[in-house]
Amino acid sequence: MAASEPSPVMKTGKRSTSAAILLMLAQAAAFAAPFPESGDTDAPAELPAFTLRGFGTVGLTHSSESNADFVSTDYQKHGAGHTRSWSAEVDSRIGVQMDAALMKNLSGVIQIVSEQQSDGSYRPRVEWANVKYDFTPDLSVRVGRFVLSPFMASDNRKVGYSYVWVHPPVEVYTMMPITHTNGAELLSRSRFGDATNNFEIGLGSGKDNLQQGPISWKNGWSIIDTLEYGKASFHASYSRTRLTIHAYNPVFDAYKQFGPEGEAIADKYDVDGKPSSLLTLGVSYDPGKWFAMAEWSRIHSDSLLGIRHAWQMTGGLRYGKITPYLTYSRATVRSPGTTDGLPDPQAAQLNAALNQFLFAAPEQHTVSLGIRTEVSRNVAFKIQLDRTRVGSSSVGTLVNAQSDFTPGGTYHVINATLDFLF
Amino acid sequence: MISLNKQMVRVLVGMAVFNVATATRADVVVVASAASGIVSLTPVQLYDIFFGKSLYLPNGALAMPVDQPEDSSERRMFYETYTGKSPAQVKAYWSKLIFTGKGHPPREAKGPNALYRIVSRNPGAIGYMDRSEVDNRVRIVKIME
């Protein structure tokens with residue numbers, strides 16, 4: 001699919017420079033800067049007030065599957081396995097955030113993140129850029145660019161320090177490719193006795209470049225609710241958007257040339273602006289000495305995306321500065337994974353392409369065993385071992401699958417990360 | 001036998017003194033302004049105020065939680081005693097909220113004296129300090145179910 005190839009803006013020559021800068025920044029952050037949480041309130045705060053903070057991860061990943069690349073997001077061009085046996089490009093990133101308290105009820109935030117893009121570059125991207133107005137301390141609206149959180153850790157997934165894993169489980173977190181959205185969001189908080197309920201409604205649209213090419217979405221809306229009661233937290237969300245995966249369009253445009261039968265196939269499978277919905281449920285319990293969480297999700301689209309389920313369970317124990325944890329995560333495709341396509345010899349190539357798209361729907365399950373260690377103030381080190389079993393007619397969450405790749409196999413991934421705040 | 005008993009007594013006395021010393025050192029109390037009217041909080045109320053889940057005190061006033069400096073023993077003891085969380089867990093919690101624009105950690109006083117000033121001047125302020133340093137400018141808040 002030549003049309004799916006995103007135009008490379010930065011070529012590979014700059015990548016090593018970027019990696020070196022990332023490393024230097026990481027080292028500087030790890031050993032020098034304290035993480036500024038907030039200033040002394042002795043003096044009344046003068047507005048506007050600005051705070052600069054950052055986060056980052058230096059990661060190294062190895063995958064035993066040499067015929068495809070292990071990646072941790074839908075956006076990475078390369079990963080570990082095929083392109084490189086050991087890759088620093090799966091988890092490494094750096095982000096900087098400026099918070100601005102502009103007026104008594106008005107604040108702004110801008111967050112810029114540098115990490116591997118679909119073109120292989122580390123061109124910094126604006127992940128958050130919005131202004132927030134507080135009608136009351138418990139009711140706010142934000143307008144601009146923000147990240148919705150259908151999953152329990154989707155809005156903070158780039159801040160490795162904030163969670164226990166090396167990266168959120170790929171079966172669940174690469175399911176919905178949309179990251180930030182441009183629009184508006186209403187945030188409300190209410191208290192019922194000792195319970196806190198956080199309710200969000202977001203509206204927006206956006207576009208991005210996935211590993212498989214550009215995507216866009218419009219008329220998206222999300223309802224997200226999180227109920228917190230003591231050490232327990234319950235999470236539920238429903239999102240709906242009109243998603244277009246542009247790489248698919250040329251194939252279905254070609255199908256349409258075959259008359260009504262071809263048009264029927266295009267109608268059935270194309271993702272061109274069709275509504276896609278995502279339903280998620282999650283629960284977590286964290287009394288301190290141990291923790292457990294589980295989340296389940298279902299994506300539905302009358303297109304080749306079909307019906308997909310993904311869920312994960314994580315539990316861990318905290319022994320002082322050491323947190324061993326265990327995760328089981330699984331992605332399944334509930335709609336047919338293959339099709340006969342159009343019974344016309346001239347459509348053979350198109351049928352192969354369509355089946356290739358269906359093949360890319362991830363079906364796999366992973367057991368992960370890891371340890372998070374608090375190295376020093378603002379620095380955590382994690383090491384995680386994954387054992388993944390790929391579905392018998394799927395490439396799983398792997399990308400860049402080579403012709404030698406065999407579905408239905410098992411592979412292992414070793415991840416090590418140093419996460420820091422500055 | 002007698003000398004051994006004396007030895008044991010010495011050891012026991014020494015242990016007792018050590019226990020008293022550690023108990024005193026670990027005695028961090030929650031304080032509010034004497035004018036706040038806050039006499040007690042439940043552990044859940046205290047937790048929710050310091051983790052930004054509740055923005056208000058039980059009397060309806062806007063809460064202003066105040067932390068001691070990050071490297072202070074009072075801060076570590078406060079979070080471990082009253083919330084069961086280590087400094088790293090507290091930091092991971094706030095890093096999630098900060099980088100998603102959903103909250104800010106408690107304000108941080110430069111030290112016990114600054115904390116006194118903030119708590120005594122702000123009726124909504126809730127802080128914590130070593131019991132031995134409490135004076136009549138602030139009131140000890142009982143933490144009980």
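**Figure 1. The hairpin of β17(A) and β18(A), with Asn378(A) at a positive phi.** This close-up comes from a predicted model, as do the views that follow. Between the two strands of the hairpin there are 2 residues, and Asn378(A) has a positive phi near 75 degrees. Strand β18 covers residues 379–390 of chain A, and β17(A) pairs with β18(A) in the antiparallel sense over 12 bridges. To find your way along the hairpin, look for Ile371(A), which stands opposite Ile383(A) in β18(A).

**Figure 2. Strand β17(A) next to β16(A).** Here we turn to another pairing of β17(A), whose residues are 364–376. The strands β16(A) and β17(A) run antiparallel and are joined by 10 bridges. A handy landmark is Thr327(A), which has Ser368(A) in β17(A) opposite.

**Figure 3. Glu374(A), a residue of strand β17 of chain A.** Is Glu374(A) buried or exposed? With a relative accessible area of 13%, Glu374(A) is buried, because buried means under 20%. Its side chain makes a polar contact with the side chain of Arg372(A), at 2.8 Å. Neighbours within four places in sequence aside, Glu374(A) is in contact with Tyr161(A), Lys321(A), Val379(A) and Ala380(A), and also with Ala88(B).

**Figure 4. Asn219(A) and Asn400(A), each with a positive phi.** Asn219(A) sits in strand β11 of chain A, which covers residues 213–229. Phi of Asn219(A) is near 50 degrees, a positive value in a residue that is not glycine. Asn219(A) is exposed, at 55% relative accessibility. Asn400(A) belongs to the loop between β18 and β19 (410–421) of chain A. Its phi is positive too, at about 55 degrees, although Asn400(A) is not a glycine. At 24% relative accessibility, Asn400(A) counts as partly exposed.

**Figure 5. Tyr248(A) and Phe357(A), one of the aromatic pairs.** Over all chains, the structure holds 22 aromatic pairs. In this view, Tyr248(A) and Phe357(A) form a tilted pair, with 4.3 Å from centre to centre and 50 degrees between the planes. Which parts of chain A does the pair tie together? Tyr248(A) lies in the loop between β12 (232–245) and α3 (249–256), and Phe357(A) lies in helix α5 (residues 348–359), so the pair ties together parts that are 109 residues apart in sequence. Both Tyr248(A) and Phe357(A) are buried.

**Figure 6. Trp311(A) and Tyr328(A), a tilted aromatic pair.** The ring centres of Trp311(A) and Tyr328(A) are 5.4 Å apart, and the planes make 50 degrees. This pair links distant parts of the chain: Trp311(A) is in strand β15 (residues 307–317) and Tyr328(A) is in strand β16 (residues 322–333), 17 residues apart. Trp311(A) is partly exposed, at a relative accessible area of 29%. Tyr328(A) is also partly exposed, with a value of 22%.

**Figure 7. A cluster of aromatic rings in chain B.** Ring pairs link the residues of this cluster. Its members are Tyr47(B), Phe50(B), Phe51(B), Phe78(B), Tyr79(B), Tyr82(B), Tyr93(B), Trp94(B) and Tyr128(B).

**Figure 8. Arginines placed over tyrosine rings.** In chain A, Arg125(A) lies over the face of Tyr75(A), at 5.7 Å from the ring centre. In chain B, the charged end of Arg137(B) sits over the ring of Tyr116(B), 4.2 Å from its centre.

**Figure 9. An open sheet of 6 strands in chain B.** Follow the sheet across in the order β2-β6-β1-β5-β3-β4, where the pairing is mixed. At the edges are β2 (40–41) and β4 (107–108), each of which pairs on one side only. Strand β6 covers residues 138–143 of chain B; β2(B) and β6(B) run parallel and are joined by 2 bridges. Ser40(B) has Lys142(B) as its bridge partner in β6(B).

**Figure 10. Helices α3 and α5 of chain B packed on the sheet.** Helix α3 (residues 73–82) touches β1 (28–33), β3 (64–67), β4, β5 (125–130) and β6 of chain B. The direction of helix α3 makes about 95 degrees with that of β1(B). Helix α5 (residues 112–121) packs on the sheet as well, touching β1, β3, β5 and β6 of chain B. Its direction and that of β5(B) make about 145 degrees.

How values were computed. Residues numbered from 1 in each chain as written. Chains lettered and ligands numbered in written order. Predicted model: local features only at pLDDT ≥ 70, side-chain atom pairs only at ≥ 80, totals over all residues. Heavy atoms only, no water. Phe/Tyr/Trp six-rings, centres within 6.5 Å; stacked < 30°, edge-to-face > 60°. Helix = DSSP H or I, 4+ residues; strand = E, 2+ residues; numbered from the N terminus. Buried < 20%, exposed > 50% of the residue type's maximum accessible area, 1.4 Å probe, protein only. Lys NZ or Arg CZ within 6 Å of the ring centre and 35° of its normal. Pairing = 2+ DSSP bridges. Contact = heavy atoms within 4.5 Å. Axes fitted to C-alpha atoms, helices over the stretch in contact; angles between N-to-C directions. Polar contact = N/O pair within 3.5 Å; in protein donor to acceptor, adjacent residues only side chain to side chain.
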